[in-house]
Amino acid sequence: MVLGTADQLAPRATAAVIAGVDRALHAEIRRRISLGEPADTVRTEIRNAAERTFPTLSAALDP
C-alpha cells in the first residue's frame, strides 16, 4: 500500500488534526450540556475558546 509523498500527506494530516479538534470541541459541548449548563452559554464559550486558539493551531500546522 502506497501512502503517497510528503506533499500529498501534509494536507491529509492537517485535515485529520482539524477534524480531531472539531470532534473534541463538540464532545466538550455535549459533556457540559449534559451536566446541565445552558446550551447557549456553552456554545458561546466553546466558540470563543476555539477562535482564540485557531491562530496558534493554524501557525503550528503551516509548513
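## The Arg-32 network

Glu-45 counts as partly exposed, at 37% relative accessibility. Glu-45 belongs to a network in which salt bridges with shared partners join Arg-32, Glu-37 and Glu-45. The model described here is a predicted one. The closest N and O atoms of Glu-45 and Arg-32 are 2.2 Å apart, and the two residues form a salt bridge. This pair links distant parts of the chain, since Glu-45 sits in helix α2 and Arg-32 in helix α1, with their positions 13 residues apart in numbering.

Arg-32 also pairs with Glu-37 in a salt bridge, where the closest N and O atoms lie 2.9 Å apart. The accessibility classes of these two partners can be read against the 20% cut-off. Arg-32 is buried, because its relative accessible area of 12% falls under 20%. Glu-37 has a relative accessible area of 30% and is therefore partly exposed, as the class runs between 20% and 50%.

## A salt bridge within α1

How many salt bridges does the model contain? The count comes to three. Besides the bridges of Arg-32 to Glu-37 and to Glu-45, there is one between the side chains of Glu-28 and Arg-31, with an N to O distance of 2.8 Å. In general, side chains of opposite charge can pair when their charged atoms come close.

Both Glu-28 and Arg-31 lie in helix α1, and the spacing of three residues amounts to about one turn of the helix. Glu-28 has a relative accessible area of 26% and is partly exposed. Arg-31 is also partly exposed, with a value of 42%.

## The course of α2

Helix α1 covers residues 6–34 and helix α2 covers residues 39–61. The 23 residues of α2 reach 31 Å from the first C-alpha to the last, which is close to the 33 Å expected at 1.5 Å a residue.

Where does α2 bend? The bend is at Thr-53 and is about 40°. A proline, Pro-55, follows within four residues of Thr-53.

## The largest pocket

The largest pocket holds about 180 Å³ of space. Its lining consists of Ile-18, Val-21, Asp-22, Leu-25, Ala-49, Ala-50, Thr-53, Phe-54 and Leu-57. Thr-53 thus has two roles in this description, as a lining residue and as the site of the bend in α2.

Which helices supply the lining of the largest pocket? Both α1 and α2 provide at least two residues each, and α2 gives the most, with five. By residue type the lining divides into seven nonpolar, one polar and one charged. Asp-22 is the charged residue and Thr-53 the polar one.

## Separations between α1 and later residues

Ile-33 is a residue of helix α1. Ile-33 is partly exposed, with a relative accessible area of 30%. The C-alpha atoms of Ile-33 and Arg-43 are separated by 9.1 Å, and the two residues are 10 apart along the chain.

Val-17 lies in helix α1 as well. Its relative accessibility is 34%, so Val-17 counts as partly exposed. Val-17 and Leu-61 are 44 residues apart along the chain, and their C-alpha atoms are separated by 8.7 Å.

How values were computed: Residues are numbered from 1 along each chain as its sequence is written. This is a predicted model: local features need pLDDT of at least 70, side-chain atom pairs count only at pLDDT 80 or more; totals for chains, interfaces and linings use all residues. Side-chain values use heavy atoms; hydrogens and water are left out. On a 1 Å grid over the protein atoms alone, a cavity is a set of points where a 1.4 Å probe fits but cannot get out, and a pocket is an open set with protein on both sides within 12 Å along at least five of seven lines; lining residues have an atom within 4 Å of a point. Grid points are joined across faces, edges and corners, and a volume is the space filled by probe spheres set on the points. A salt bridge is a side-chain nitrogen of Lys or Arg within 4 Å of a carboxyl oxygen of Asp or Glu. Buried means under 20% relative accessible area, exposed over 50%, partly exposed in between (1.4 Å probe, protein chains only). The expected span of a helix is 1.5 Å times one less than its number of residues. The bend at a residue is the angle between axes fitted to the seven residues ending there and the seven starting there.
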